[in-house]
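Visitor: Could you take me slowly through one part of this structure, namely its pockets and what surrounds them? I am new to this, and I would like a connected account.

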Amino acid sequence: MEKPRKRIAGAIRDKERTMLKLIAAVGEIIKNEGYTALGVNNIAKKAEVNKKLIYRYFDNNVNNLIETYVKTKDYWIGLSGDMERLMAESQIDGGRPMVKTILKTHLSFFYTEEEMQKIVIWETSEKSKLMKEVGLKREAFGEEVFKLLLPNFEKSGVDFRAIMALQVAGIIFMVLQSKASGNPFCGIDINNPNDMDRILKSLDQLTDLVYDKAKN
């Protein structure tokens, strides 16, 4: 009876290794060739596996493989697995420290993740059912975070949701612009460590201003 168990365990490990190779191949292609090169044949070739395994392991749809990869890279979707910690942190000073950490970590993460930058360009440059679904999953997580934080701003005159939208959008634009052209924006070049530090500190200052305004 031991031999069948060993064979099953080996098959499971082989499947896991193959799936990881395929997921890694998607990232390599996005980084080096762009999302337009994400065809079944190219992914299989890059992963050095039979393309039939893409359909076998990802429910007969290459988009499921690509979506799996995107989920592993998306900062906001990744945070969704940390809701218990976020719920606890949202109780500290109305979630002020949590908001600061989320925004600054998002900037640092997005600046260093070239694949994620290209995924966002894909998402914003053309209509894609896959990217739409990913965006909706991100929004669903965002709603869970807003449920924790919005009660702190009721009847305060502070539109916390809109302010967060502007900050996150600003982070994304500044990173993409700095990576594409290397030019400064409003005289600030986040490729320069000193200027990056200015933006990180300013995110903290904006959060303090918003929370202090709500308290008053």
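Guide: What follows goes from the pockets to the nonpolar core and then to a single residue. Please keep in mind throughout that this is a predicted model.

Let us begin with the largest pocket, whose volume comes to about 610 Å³. Its lining is made up of 26 residues, and those closest to the centre of the pocket are Trp76, Arg138, Glu139, Val168 and Ile172. Several helices take part in this lining, since at least two residues each are supplied by α5 (75-79), α7 (96-112), α8 (114-125), α9 and α10 (160-180). The greatest contribution to the lining of the largest pocket is that of α9, which provides nine residues. If you sort the lining of the largest pocket by class, you will find 16 nonpolar residues, four polar ones and six charged ones.

The second largest pocket holds about 180 Å³ of space. Its lining consists of Leu107, Leu166, Gln167, Gly170, Ile171, Met174, Ile199, Ser202, Leu203 and Leu206. Here α10 and α11 each supply at least two residues, and α10 gives the most to the lining of this second largest pocket, with five residues. By class, the lining of the second largest pocket has seven nonpolar and three polar residues, but no charged ones.

From the pockets we can turn to the nonpolar core. In soluble globular proteins, nonpolar side chains tend to be buried together. In this model the largest nonpolar core has 66 residues, of which Leu38, Ile43 and Phe160 touch the most other members. Helix α9 (residues 129-149) accounts for the largest share of this core, with eight residues, and α9 is also the helix that gives the most to the lining of the largest pocket. To look more carefully at Phe160, leave out the residues up to four places away in sequence: Phe160 then touches Val99, Phe146, Leu149, Leu150, Phe153, Val210 and Tyr211.

Finally, consider α11, the helix we met in the lining of the second largest pocket. Helix α11 spans residues 193-215, and Asp195 lies within it. Is Asp195 buried or exposed? Asp195 counts as buried because its relative accessibility is 13%, and the cut-off for buried is under 20%. When its neighbours within four places in sequence are left aside, the residues in contact with Asp195 are Gly187, Ile188, Asp189 and Ile190.

Conventions
Residues are numbered from 1 along each chain as its sequence is written. This is a predicted model: local features need pLDDT of at least 70, side-chain atom pairs count only at pLDDT 80 or more; totals for chains, interfaces and linings use all residues. Side-chain values use heavy atoms; hydrogens and water are left out. Helices (H or I, at least four residues) and strands (E, at least two) are DSSP runs, numbered from the N terminus. Buried means under 20% relative accessible area, exposed over 50%, partly exposed in between (1.4 Å probe, protein chains only). Contact means heavy atoms within 4.5 Å. A nonpolar core is a set of buried Ala, Val, Leu, Ile, Met, Phe, Trp, Tyr and Cys residues joined through side-chain atoms within 4.5 Å. On a 1 Å grid over the protein atoms alone, a cavity is a set of points where a 1.4 Å probe fits but cannot get out, and a pocket is an open set with protein on both sides within 12 Å along at least five of seven lines; lining residues have an atom within 4 Å of a point. Grid points are joined across faces, edges and corners, and a volume is the space filled by probe spheres set on the points. Ala, Val, Leu, Ile, Met, Phe, Trp, Tyr, Cys and Pro count as nonpolar, Asp, Glu, Lys and Arg as charged, and the others, Gly among them, as polar.
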